[in-house]
Amino acid sequence: MMENGNVWTFDKIAECAGAIRENMGRVIIGKQDVIKLVIAGLFAGGHILLEDTPGTGKTMLAKSLARSIDAEFGRIQFTPDLLPLDLTGQNVYHQKEEQFVFVPGPVFCNVLLADEINRATPRTQSSLLECMEEKQVTVDGETRVLERPFFLIATQNPIETAGTYPLPEAQLDRFCMQLKMGFPTVMEELDIMDRFIQDSPLERLEPVCTAAEIVQAQEGCRHIYVDESVRRYIAHIVEATRKHSDIALGVNPRGTLAYLRCCQAYAAIEARDFVTPDDVKKLCVPVLGHRIVAYRAEQKETILQSILEQVEVPTEYWKPQNEV
């Protein structure tokens, strides 16, 4: 991959990702795999849905990522009475100037935390679709482009379903990955108590990169080499989800592209300028798990693992041709 004023090489991307991971690691104990996948989603230009029980560190992870980037951060606490204009902003009449003035909403930022997104009504949830897919907001017929990067981290609680509105498949499909934090081990729990016993390290966290550098990393990830055999491997996995007897609805082409982009970003974070079949396997469940509609939702991961076992893995030489 060539480097110029706008495109980063894979080692530069890996260096940036490593700095963010190390910085987030000062707050988040363990969970290095989750942190790496979140950064991959950011570099892929997608959005992340964190689904787990309360108190597992979802909001803390989002805040530590935002503080690691010298960029504007926004946070929305979703509630049933939240309105679409509360997110996007609205035109307010300015009496002194005798005209309407647009007051931007919290979506006009670089990193947005949508906390407990499933507590808002479908109408309010749908107001994020344009932001997530097209990186723009349309209010009263006027479209305003969001500043790059625009990265949404949404959280939801899967155990308290009273008063919640499940995200429809169309909106779930806009997230490049759905991740779970999980509980820490005993040793990690002890480290958490030691680290937070006096104060929160989040308050002392300083940025290690800028918003412009994130955009450069995103552009650089698009240049990560993906051999035809690996692209066929991705396509066969996606096709298998559409033909599997336990899946009512398989992965769509948007999901295929998200799969490809995330694999490129993950390879770059691993300091490689090419995607391997192992990258494809690693990202299968995070990227495709929320995109399939299975007859038994609890078996999604098992179904995808069985597909990985059935689809033939490419074994030919799939590194860039110019690599010795």
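**Pockets and a buried lysine**

Trainee: Which helices and strands each supply at least two residues of the lining of the largest pocket?

Mentor: They are H2, helix H7 (169-172), strand E10 (177-179), helix H12 (277-288), strand E13 (293-294) and helix H13 (300-310). Helices (H or I, at least four residues) and strands (E, at least two) are DSSP runs, numbered from the N terminus. This is a predicted model, in which local features need pLDDT of at least 70, side-chain atom pairs count only at pLDDT 80 or more, and totals for chains, interfaces and linings use all residues. Residues are numbered from 1 along each chain as its sequence is written, and side-chain values use heavy atoms, with hydrogens and water left out.

Trainee: How much space lies in that largest pocket?

Mentor: About 960 Å³, as the space filled by probe spheres set on grid points joined across faces, edges and corners. A pocket is an open set of points on a 1 Å grid over the protein atoms alone where a 1.4 Å probe fits, with protein on both sides within 12 Å along at least five of seven lines; lining residues have an atom within 4 Å of a point. Here 32 residues form the lining, and Glu51, Gln178, Lys180, Gly289 and Lys300 are the closest to the centre.

Trainee: And the second largest pocket, which residues lie nearest its centre?

Mentor: Ala44, Gly45, Gly46, Lys135 and Arg222, out of 26 lining residues. Helix H6 (129-134), helix H9 (211-221) and helix H11 (253-269) each give two or more residues to that lining, with H11 giving the most, 6 residues. The volume of this second largest pocket is about 550 Å³.

Trainee: Switching topic, where does Lys36 lie?

Mentor: You'll find Lys36 in helix H2 (residues 32-43).

Trainee: Is Lys36 buried or exposed?

Mentor: Buried, as its relative accessible area is 12%, where buried means under 20% with a 1.4 Å probe and protein chains only.

Trainee: What does its side chain make a polar contact with?

Mentor: With the side chain of Glu270, at 2.7 Å. Within protein, a polar contact is a pair of N or O atoms within 3.5 Å, one able to donate a hydrogen and the other to accept it; residues adjacent in sequence count only if both atoms are side-chain atoms. Beyond its neighbours within four places in sequence, Lys36 is in contact (heavy atoms within 4.5 Å) with Arg21, Tyr266, Ile269 and Glu270.

Trainee: Zooming out, how many helices and strands are in the chain?

Mentor: The chain has 13 helices and 13 strands, and 50% of its 324 residues count as buried. The C-alpha atoms fill a box of roughly 70 × 45 × 45 Å along the principal axes.
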